[in-house]
Amino acid sequence: MKDYLIQTLRQVLAGIDGVPADFELELETPQNPEHGDLATNAAMKLARHLKQSPRAIADDLVRRLRALPVDPKRIAGIEVAGPGFINFQFAVTFLSDALAGVLVVGDTYGRSTLGGGQRAIVEYVSANPTGPLTVGHGRNAVLGDTIANLLAWSGFDVTREYYFNDAGRQMRILGESVQSRYNALVRPGGPTRQIERGEGEFVEVPADFPEDGYQGDYIIDIARTIQRAHGDALVGSTDVTPFKRAAEEAIFADIKQSLRRLHIEMDTFFNEHSLYESGAIWKIVERFRDQGVAYD
């Protein structure tokens, strides 16, 4: 409708001397619905060019619009309001025809080919597998998936990517936390200590529990799963890898279940650590250096 009205207004303005060739028309929705469906302030913007009052210009524009005439199946009324606004009221047939068009195309309404099949990667959520998703992660999951849906709806070839890192200090602490809980389950009655959980609340943990360890009950659940699978075979192990791997698998299973409950399905789970293992990071850095866009 805006395109139709702008073309019609330009047709009228073309017959008025003094209207600048590059004059820009604006159409906005009035704050008060009683003032119509769309309005233009063209008359007020033209006042300094035509050396007339905005109201007189608006009256002239409306007269010319009615003389064309405008399409009655689209526009039911045109009126001048206030100091020179021109208000347009849509015809009922235009609204009903638009709704009928929506019903005809059904679920494909609004789909476009703007993207032209270009590839687009949307990376979101991307929490490292150190614990269940938080409300903040959930918010970003919904936001990211909405962006991906909009891009796909607009004709892009979209890949939804979850980017994570299972290496580094936090993952090591996760493994140590699980290992400590596992040792306590297999050999109960060992020494314990109190650590502060926050806001003056303390929790009892095994004596070998890491200082910055993960305190959630899910750590105990993972340790119990390892105990059922391996018995006491891992007691005294100096390798934290089995505990870290078990924790990652269990936490990712929980994360994926949470995403499924939000009806979110990722296409890829990309591991940051793999970029270092493959040497891809350093290859890119060298390319940057060769192109003179990096420095040490």
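Student: What makes the length of helix α1 (residues 2-13) close to the expected one?

Tutor: This is a predicted model, and in it α1 has 12 residues and reaches 16 Å from its first C-alpha to its last. The expected span is 1.5 Å times one less than the number of residues, and for α1 that expectation is 16 Å, so the helix comes close to it.

Student: Which residues of α1 are called buried, and what covers them?

Tutor: Buried means under 20% relative accessible area. In α1, Tyr 4, Leu 5, Ile 6, Thr 8, Leu 9, Val 12 and Leu 13 are buried. Their cover includes the helices α2 (42-50) and α3 (54-67), along with the strands β1 (38-40), β2 (75-81) and β3 (85-90).

Student: Why is α6 called roughly perpendicular to α8?

Tutor: Helix α6 (residues 169-186) packs against helix α8 (residues 241-261) at an angle of about 100 degrees, and their axes are 8 Å apart. Angles of 65 to 115 degrees count as roughly perpendicular, so α6 earns that description relative to α8.

Student: Which residues meet there?

Tutor: From α6 come Met 171, Arg 172, Leu 174, Gly 175, Val 178, Gln 179 and Tyr 182; from α8 come Phe 243, Lys 244, Ala 247, Glu 248 and Ile 251. Sorted by kind, the contact has 7 nonpolar, 2 polar and 3 charged residues.

Student: How do you know that β6 and β7 pair?

Tutor: Two strands pair if there are at least two bridges between them. Strand β6 (residues 192-198) and strand β7 (residues 201-206) have 6 bridges, in the antiparallel sense, so they count as paired. For one place to look, Gly 198 stands opposite Glu 201 in β7. The two strands form a hairpin with 2 residues between them, and Glu 199 in the turn has a positive phi of about 55 degrees.

Student: What makes β4 and β8 edge strands?

Tutor: Take the open sheet of 3 strands, in the order β4-β5-β8 with parallel pairing. Both β4 (119-123) and β8 (268-271) pair on one side only, and they are the edge strands. Neighbouring strands here are turned by 35 degrees against each other on average, direction ignored.

Student: How many bridges join β5 to β8?

Tutor: Strand β5 (residues 157-164) is joined to β8 by 4 bridges, and the two run parallel. Tyr 162 has Phe 269 in β8 as its bridge partner.

Student: Which strands do α5 and α8 touch?

Tutor: Helix α5 (residues 135-153) packs on the sheet against β4 and β5, its direction making about 160 degrees with that of β5. Helix α8 also packs on the sheet, touching β5 and β8, and its direction makes about 140 degrees with that of β5.

Technical notes: Residues numbered from 1 in each chain as written. Predicted model: local features only at pLDDT ≥ 70, side-chain atom pairs only at ≥ 80, totals over all residues. Heavy atoms only, no water. Buried < 20%, exposed > 50% of the residue type's maximum accessible area, 1.4 Å probe, protein only. Contact = heavy atoms within 4.5 Å. Axes fitted to C-alpha atoms, helices over the stretch in contact; angles between N-to-C directions. Parallel < 35°, antiparallel > 145°, perpendicular 65-115°, else oblique. Nonpolar A, V, L, I, M, F, W, Y, C, P; charged D, E, K, R; others polar.
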